[in-house]
There are 4 protein chains.
Amino acid sequence: MGSKQRFGAGIWHFATYVDRYATDGYGPPRGLLEMIDLAGQVEDLSVVDINYPFADPDLSLDAVEAALDKNGLSVIGITPEIYTRRFAKGAFTNPDPGVRRLANEMINDAANVVRRFGAKYVKLWPGQDGWDYPFQVDHKELWQASIDGVAELASENSDLQFVIEYKPREPRVHMSYDSVARTLLAIEKIGLPNVGILLDFGHSLYGGESPADAAQLAIDYGRLFGMDVNDNFRSWDDDLIAGSVHPIELFEFFYTLRKNGWEGVWQLDQFPFREDAVAAANSAIRFLKSIERALDKLDFEAMQAAQDSHDAVTALTLAREALFGSA
Amino acid sequence: MGSKQRFGAGIWHFATYVDRYATDGYGPPRGLLEMIDLAGQVEDLSVVDINYPFADPDLSLDAVEAALDKNGLSVIGITPEIYTRRFAKGAFTNPDPGVRRLANEMINDAANVVRRFGAKYVKLWPGQDGWDYPFQVDHKELWQASIDGVAELASENSDLQFVIEYKPREPRVHMSYDSVARTLLAIEKIGLPNVGILLDFGHSLYGGESPADAAQLAIDYGRLFGMDVNDNFRSWDDDLIAGSVHPIELFEFFYTLRKNGWEGVWQLDQFPFREDAVAAANSAIRFLKSIERALDKLDFEAMQAAQDSHDAVTALTLAREALFGSA
Amino acid sequence: MGSKQRFGAGIWHFATYVDRYATDGYGPPRGLLEMIDLAGQVEDLSVVDINYPFADPDLSLDAVEAALDKNGLSVIGITPEIYTRRFAKGAFTNPDPGVRRLANEMINDAANVVRRFGAKYVKLWPGQDGWDYPFQVDHKELWQASIDGVAELASENSDLQFVIEYKPREPRVHMSYDSVARTLLAIEKIGLPNVGILLDFGHSLYGGESPADAAQLAIDYGRLFGMDVNDNFRSWDDDLIAGSVHPIELFEFFYTLRKNGWEGVWQLDQFPFREDAVAAANSAIRFLKSIERALDKLDFEAMQAAQDSHDAVTALTLAREALFGSA
Amino acid sequence: MGSKQRFGAGIWHFATYVDRYATDGYGPPRGLLEMIDLAGQVEDLSVVDINYPFADPDLSLDAVEAALDKNGLSVIGITPEIYTRRFAKGAFTNPDPGVRRLANEMINDAANVVRRFGAKYVKLWPGQDGWDYPFQVDHKELWQASIDGVAELASENSDLQFVIEYKPREPRVHMSYDSVARTLLAIEKIGLPNVGILLDFGHSLYGGESPADAAQLAIDYGRLFGMDVNDNFRSWDDDLIAGSVHPIELFEFFYTLRKNGWEGVWQLDQFPFREDAVAAANSAIRFLKSIERALDKLDFEAMQAAQDSHDAVTALTLAREALFGSA
């Protein structure tokens, strides 16, 4: 009897990458259709999150849909590219109102693609919205603009969900949507039902949060609309294979989801710069399945009892027994 | 013509300290009256924040008041000691309801001392409320207890202010009131006018915040009730002399306060483990006065214009010219 | 068929602790004999590392020996307390030559205790040797004094081993022996055969090293004389239960030891502030035994082949299969 | 009377950049000649460090020389591009011996360009040499290859200097030349006079070093061959404008150089992603000149006396008076 869990991935998992040093890229560029075909080779992948607009302006939605169908994939979300050159000084918070308008239009276009594919949400990752230097910005205005930009979109598209993927930094030295609590403050201000959080396990980890605690908080506000996982060394968004560094906190994260009856897709947000993309996805999903089995084995009542007395040693023993088998 | 600014300090600035290695302390123990006399030697100190209950149970409030009077000091806040042995597993969040009750009683006692001294607030620093290990606590319950404990106190003492001093960690590996945004979420839930934030510059810095941004956010919610400063290397609460490592961000912090017309006491929260306490306070206050003068020199309009276009180079130049003189 | 591995612990694992907030301690003080009796209750503990001089000046070496015998324990090392009040500004690097002399004398006394107990080494942990502030010290002189202090001791006691336990910081903001590479530089300068490294897994981890890489480097210089383990969140020396946060890197650390045929005691350096000391030790040792079994299962040849091509995905799969069982 | 100090910059300071998100770059690509013309616009720039091979394969050395002459610039070093796609798994440590050979050849070509321009050194920045995952590499072999690659080059080119620019990480999750101490260990092993260190202030800072201490150590080994400055927030190589965040530690760094009579070029290694490159360079150099003036004002004897007693408060006062003027 296999897993009942559905798995997904950002389609960029199957791209090649550039950075500021390897400006010629970590491999030859790949088109979206090629990435979809790679995604299709992963053992248990059901859904993908796709960037928009497409790098190739001639690529039609029909062609993308055909490629998805061929590979048995559907779309969970669309991620508008509000972090490219024109948005270098911000999308929602850009000092130029014309650029802010452009961001709004691009995201509205992405919203139509969400509708077209029957996807779940528009994903907002405003990576260029923030600051680099002390004294660079008026923090009051910057934060207000961060809120206003999302509020406007949510009002304009009340039939769709918008999810904000917060992150402490990169590419900006400091992002305005930097943490779960800050993002919830904004969502409360916006006050609309269709704005939520996409919690990236790695962003939470390297932002100094406990991802399990962050998930619980977002759930308690009714705003955990999506999530994805990966791993890192707590000081940067390394986007490594899930569970390769922090398997116990990853387990606690999924324990928190199950305890709360949260039933969504388990997604990957990995950047396999130097690894085979399909192998990296399979490696992660196999480990996620072992976490799923560990959740089946875990004694939730005993765990709750240990937690009720803040008994770390017993809680750790229970978690280890479930996750490491005989260990 | 001298400074118009009032300065203050936590009275523990004038204590000696122990840690887990120098268990015999960094100097012979000092009584509260001795600390007050040292505080009185600092060049421009007007107010102090005092821990309660006093280490010496026989010390009377009258004796403390006399010592304060003699040294020309008044009390800005009282900090109940909700982080000693009995609260090792938390004050508001302790798994034992009896200990939670004890915390409430101790803080209510401290509230009476606030009234007695005509002080401004009860300061809550719940340093033992949080967790150490993955899986140790039920995050939903822990956070609810963190909120409930403060809410109960604020309801019971509507004539007084309560300020929460958030901090990422220490002594717990993770504190539940860990950031400005998280604390504001709690305050919004509590919904009472007499709960605010005491923003510690160093806690903000090492929590990955921009202290200027954190101050702005707290002000925008009407909740910046107090603040104190010190410095560190961004990975721990070193409580070094203010301005010794991050003078530019310290300047931006005070710039933000002045821009918003925030007029409170500039307090010190330093731990001079190996330094002369009076010299360390004087060193900090002299630098704070130079920041005050730099604020007088700074061209606020030009700075606003630079910030309106997110022009980091111009903003930095303006800040440097004001702070470094000819530099 | 049980484990062939010998396990040890610093005797302070069984102490109670103070810190700068819980100045009344996390529990009632415990005498050394009481700590030894607790150590004796741990399931598989063979050796301990003992601080010297004893807190109780009336306690005789004979009494300690009797307590150790009763509990089936022997002594692996003696840790002179060169980090208490008198050494607040350093032991080897103290600006006062009289204090440096005192440190030398105390460590020579500790050397005699090593001889008395037939232990393996004197452990040097110069936690107060370093600096706190920019501009505070002359870095050339400080480093030279760090080297000279150890060199003098090693010359005076050529029949004994001295191990340096490096650590990035705490209690000083920066310790002079801060990393494996820096410590090896000093050892090379000293040029004596009886100075080596005690590698603390947690210090390495939070200093930004890979503990496996650090162990390999120390081994390649012939200087890995001892080690101990614990865990943390990479930003501080939390001294948590081994394997509670970073089980995979702990596994890689022991993999490196076995690959190199390093056969020493696996020691614990944990500080169970709020946990039962015996339970915390048992929890760690049980996990260390599961790592030992995982090493028996691991295919070392396949791992070497994966490493020879820097194949992270295959290496991770092999490690996971060995450590997580079916996972 | 103006500054006697010579200033330099990596020519990439005047490039535009890409990263993994803004894959279309933070501005239109610039050719090397264009960058040189921008460098020429900086107020007081004398020397540049140039990447090799040139992005444009048709660009001749003569054309580059003419552009440099026109702008009054000379070459201090050549940085071979051993971190592009073909070197994604390392230059010196690549698992493929053919790629290691390629790296050697490219660097030998760069050595010829050093000779052609009468430059001072070949700069080695092996950013892809290291690892990403636990268990990925054999640490003994990786480190040996790191040493061998440099040793071979230094032997082949005994008439030239090679400088290693260490860095904790990026683009690899961990770089093998990660710190000043580790790099000195390698240089000692190599044992040739023509291998030294180029100390990047920001790399040192975010690696947890004190840059002043790192400079002193490199000087004491006779290996500080070059340096450059910038700034960051201690958790990443942000390459911000020098002095924008850590002016006091920058001052201590230059104080250490002057105290040791180190007289080399003060270089910039900044990445002005969103700033005007010329303005960012001018901003940094103006501040460096103010540091130069502060060094002229600083009482070195009084500072030495304060450091001899580890007197942080006095040392800080002296540093502040020199750097902040009246402050």
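**Entry 1: chain D against chain A**

I started by laying chain D on chain A: a turn of 180° with a shift of 0.0 Å along the axis does it, at an RMSD of 0.0 Å. I kept in mind that this is a predicted model. Next I asked which residue of chain D has its C-alpha nearest the axis. I found D:Asp19, with its C-alpha 2.1 Å from the axis. Then I checked the surfaces: 100% of the contact residues of chain D recur in chain A, and the same surface serves both copies.

I also looked up how many residues are in contact here. I noted 30 residues of chain D in contact with 30 residues of chain A. On the side of chain D that touches chain A, I sorted the residues into 16 nonpolar, six polar and eight charged.

**Entry 2: chain B against chain A**

I tried chain B next. Chain B also goes onto chain A by a turn of 180° and a shift of 0.0 Å along the axis, and the RMSD is 0.0 Å. I wrote "two-fold axis" in the margin, because that is the relation such a turn describes. Which residue of chain B comes closest to the rotation axis? I got B:Ala181, whose C-alpha is at 2.6 Å.

For the interface, I found 41 residues of chain B in contact with 40 residues of chain A. I wanted to know which helices of chain B each supply at least two residues of that side. My list reads α4 (139-156), α5 (180-190), α7 (211-220), α8 (247-259), α10 (300-308) and α11 (312-324). By class, I have 18 nonpolar, 12 polar and 11 charged residues for the side of chain B that touches chain A. I also jotted down that 98% of the interface residues of chain B are interface residues in chain A too, so the copies meet through the same surface.

**Entry 3: where chain B meets chain D**

I then turned to a helix pair that spans two chains. Helix α9 (residues 277-297) of chain B packs with helix α11 (residues 312-324) of chain D at an angle of about 15°, and I noted their axes as 10 Å apart. I call α9(B) roughly parallel to α11(D), because the angle makes it so. For the handedness of the crossing of α9(B) and α11(D), I wrote down left-handed.

Which residues make the contact? From α9(B) I listed B:Ala279, B:Ala280, B:Ser283, B:Phe287 and B:Ser290. From α11(D) I listed D:Val313, D:Leu316, D:Thr317, D:Arg320 and D:Phe324. By class, I noted six nonpolar, three polar and one charged for this contact.

**Entry 4: the barrel in chain A**

Inside chain A I followed eight strands closing into a barrel, in the order β1-β2-β3-β4-β6-β8-β9-β10, with parallel pairing. I noted an average twist of 30° from one strand to the next. I picked one pair to look at: β3 (residues 74-80) and β4 (residues 121-124) of chain A, which pair in the parallel sense over two bridges. There I saw A:Ile78 standing opposite A:Val122 in β4(A).

Helix α3 (residues 97-117) of chain A packs on this sheet, and I traced the helix touching β2 (47-52), β3 and β4 of chain A. I put down about 175° between the direction of α3 and that of β3(A).

**Entry 5: the barrel in chain D**

I went back to chain D for its barrel. I found a closed barrel of eight strands running β1-β2-β3-β4-β6-β8-β9-β10, with parallel pairing. Opposite D:Ile78, I noted D:Val122 in β4(D).

Terms used:
Residues numbered from 1 in each chain as written. Chains lettered and ligands numbered in written order. Predicted model: local features only at pLDDT ≥ 70, side-chain atom pairs only at ≥ 80, totals over all residues. Least-squares fit on C-alpha atoms with pLDDT ≥ 70 in both. Contact = placed C-beta atoms within 7 Å. Helix = DSSP H or I, 4+ residues; strand = E, 2+ residues; numbered from the N terminus. Nonpolar A, V, L, I, M, F, W, Y, C, P; charged D, E, K, R; others polar. Pairing = 2+ DSSP bridges. Axes fitted to C-alpha atoms, helices over the stretch in contact; angles between N-to-C directions. Parallel < 35°, antiparallel > 145°, perpendicular 65-115°, else oblique. Left-handed = near helix turned anticlockwise from the far one by under 90°.
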